[in-house]
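The following exercises introduce a structure by means of short tasks. Each task is followed by a worked solution.

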Amino acid sequence: MTTKLSVVLILSLLFSLKYNAQNKALFPSDVIPFQVTVKKSVYKRKNALALEIKGQADGDRTLAILKNIDFHNGIIEATVSGQPLANAGETARGFVGIAFRAVSDASGMEVFYLRPTNGRADDQLRRNHSSQYISIPGHPWEKLRKETPGEYEAYVDVVPAEWTRIKIVVKDQTARLYVDGASQPTLIVNDLKQGKDMRGSIGLWIGPGTLGHFTDVKITKED
């Protein structure tokens, strides 16, 4: 008989004396940064971690990995915000998301992320690219879009510089992305590219030219 293990780690950032601080605060010392800077921040009345890419990044391994997490199947919830930096190029979209099953050295991971500036663009094609799945190594967005157009990205109503709640449900080789409490997933991936047996940590992920904020991270492990 299999016993379902439900271990909930709540990493919300409520440490003001005005609140009942029942949850563990998340500090820069709780993550391992890869090609990003991580700072404690107060953003839109929430205590958060702020991430920016440091210099010229090499590939998509641009994230901060949570320490002491071993995740395989379960649910990841977070509140995120992404916006292009003031000096970002025209292709910046405020890329922000969550990596899961991330290897400790960032050599492998699965990622769901948002392109917030696409959510309400006048160009319908851009809208269709508002959310994205990628897999590291070997499956950047360019490759997935070229080989299987539309399969690993979808429209979702998001805006830059605002808090967005996301939930990722992972089971073996399938992952579902839910946005802002929707009952139906925005994006479903039935063939996670790193395989059903991969396990690892959770990462706070940003893309080029982004200022990202993260708070209210909650991890429910099923095995």
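**Exercise 1.** Which helix gives the largest share of the lining of the largest pocket?

The model is predicted: local features need pLDDT of at least 70, side-chain atom pairs count only at pLDDT 80 or more, and totals for chains, interfaces and linings use all residues. Residues are numbered from 1 along each chain as its sequence is written, and side-chain values use heavy atoms, with hydrogens and water left out.

*Solution.* Helix 2 (residues 141–147) supplies the largest share, three residues; helices are DSSP runs of H or I with at least four residues, strands runs of E with at least two, numbered from the N terminus. Next, among the 19 lining residues, Thr91, Arg93, Phe95, Arg115 and Trp141 are the closest to the centre of this pocket. Lining residues have an atom within 4 Å of a pocket point, on a 1 Å grid where a 1.4 Å probe fits and protein lies on both sides within 12 Å along at least five of seven lines, the set being open.

**Exercise 2.** Determine whether Ser130 is buried or exposed, and describe its surroundings.

*Solution.* First, Ser130 is placed in the loop between helix 1 (124–127) and strand 9 (131–136). Second, Ser130 is buried because its relative accessible area is 0%; buried means under 20%, exposed over 50%, and partly exposed in between, with a 1.4 Å probe and protein chains only. Third, its side chain reaches the backbone oxygen of Arg127 at 2.6 Å.

**Exercise 3.** Where is Tyr155 found?

*Solution.* Tyr155 is in the loop between strand 10 (153–154) and strand 11 (164–171). With a relative accessible area of 36%, Tyr155 is partly exposed.

Key:
Polar contact = N/O pair within 3.5 Å; in protein donor to acceptor, adjacent residues only side chain to side chain.
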